[in-house]
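Got your viewer open? Let's take a walk through this one, stop by stop.

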Amino acid sequence: MAVIAMKCPEYKVTVVDVNASRIDAWQTDDLPIYEPGLLEVVKAARGRNLFFSTDIKAAIRESEIIFVSVNTPTKTFGEGAGKAADLQYWEKVAREILQESTASKVVIEKSTLPVRTASTMESILNANSRGIHFEVVSNPEFLAEGTAVKDLLEPDRVLIGAQQTEAGDAACREVVDIYAHWVPRGRILTTNVWSSELSKLVANAFLAQRISSINSISALCERTDASVAEVARVIGADSRLGARFLNASVGFGGSCFKKDILNLVYICESYGLNEVARYWESVLQMNDYQETRFVRAMVRGMFNTIVGKRIALFGFAFKADTGDTRETPALYISRMLLEERARLVITDPKALGNAKADLADALDRVELVEDPYEAAAGAHAVAVVTEWALYRELDWGKIYDSMEKPAFVFDGRNILEHRRLFDMGFNVYPIGMPAMKHFSI
Ligand code: UDX
């Protein structure tokens, strides 16, 4: 919304939320989320045509176009628990819009939703006898965290799905006009509503599948003399495959991939497409396997026991340049290491607050420290879990000197200089490459 407000000065954008402290924070220079470049964008429009408020009812009444971006977590109860999307927040918003509106509006599905949600919402919204018409348009968001501002300013594509009726076409044009302020028209794709809803799930499923594919190969590379980085470089040079999203890792995290695949699986199952459901489910199974495999390699590498050993986790966010820890591999890895009775010390430049909340039940066995040198001091092993650039720049000689010996590095993101660390004395365990050890067991 901040980018829309910045790029479209003739529109008045009001962002509303039930959470007053977040709305307050949006009006300060200490925004409630960390995202490079966002503060500048917010500042360019705040107070001019970008406003933040908790008065949801007033904003509904005043607006002609409403973007709904409430969360749609995986259901934890009843039919479809663990897979289907929980649509209660979306439906609540739809009913509130219905209740407050005195004129027709375009309602935009910005949250990622299962296929056919728009038509359900349209049924709820248009079940009124006041002659007000609501046109529901799907406009999924493809931005990635950490690069959100750049992704919004220069998107590969903007997707708008609308009903193929006169009212649908008109609503679609209204939304196209917003983005056309800065996105070339050729990059604004329009489809029917269902294709749009499904495309969002499929885009995330394909991205996640690519990571699971390269991660599956990383397991094979560790057993042979192949390097997954070299394999990725070679296959990525094929323009049909492309070079991006081929970094083997401890596994993917984030609020979207798992949730969206579970959703896709659930939809397939509900149409009796069990083979298709199993195919996509295997992407998640491979991800679990990769996280487990990382911890197993740590235990095996450190002489089959890590009981009482101090292990420093470098990074807790699900990826670099964000403080977000939703579905972060670091949490699963931490839990498995604690299960093995290790002592954990976690460092991360942006995610320690979230880490503290995520591990609230285990804080007697977990230390959280800002400074990576302090985290590593006295540790038996360092495990790099998030690819923060700063970890590459550290004085690894100093870290080595402060650690217990033999000292181990498990590079879950392949960002360190393995040969140099090995020469310093570290035992180095990359992902998808043979380990470099100073002993033969
Ligand atoms: C993703 C999609 O990229 C975005 O289009 C969608 O709108 C939301 O979901 P995001 O979750 O922010 O965005 O992060 P992304 O950069 O896609 O990374 C997801 C996870 O995959 C991270 O844990 C990341 O570390 C991991 N990853 C990514 C890899 O392990 N290897 C890679 O090569 C790329």
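Helices (H or I, at least four residues) and strands (E, at least two) here are DSSP runs, numbered from the N terminus. This is a predicted model: local features need pLDDT of at least 70 and side-chain atom pairs count only at pLDDT 80 or more, while totals for chains, interfaces and linings use all residues. Residue numbers start from 1 along each chain as its sequence is written.

Start by selecting phenylalanine 245, in the loop between α10 (228–236) and α11 (257–270). Its phi is near 65 degrees, a positive value in a residue other than glycine. Most residues other than glycine have a negative phi. Phenylalanine 245 is partly exposed, with 17 other C-beta atoms within 10 Å; 20 or more would make a residue buried, 12 or fewer exposed, and partly exposed is in between, with C-beta atoms placed from the backbone.

Next, jump to glutamate 327, in the loop between β8 (310–314) and α13. Here too phi is positive, about 55 degrees, although the residue is not a glycine. Glutamate 327 is partly exposed as well, with 18 other C-beta atoms within 10 Å.

Now show the ligand. Which residues are closest to the ligand? Of the 19 that surround the ligand, the closest are Asn247, Ser249, Phe252, Gly254 and Cys256. A residue counts as near a molecule if its C-beta atom, placed from the backbone, lies within 6 Å of it. Helix α9 (residues 193–223) gives the largest share of this shell, three residues.

Last stop: select lysine 405 and proline 406, where the peptide bond is cis, with omega near -5 degrees. Proline 406 sits in the loop between α17 (396–402) and β12 (408–411).
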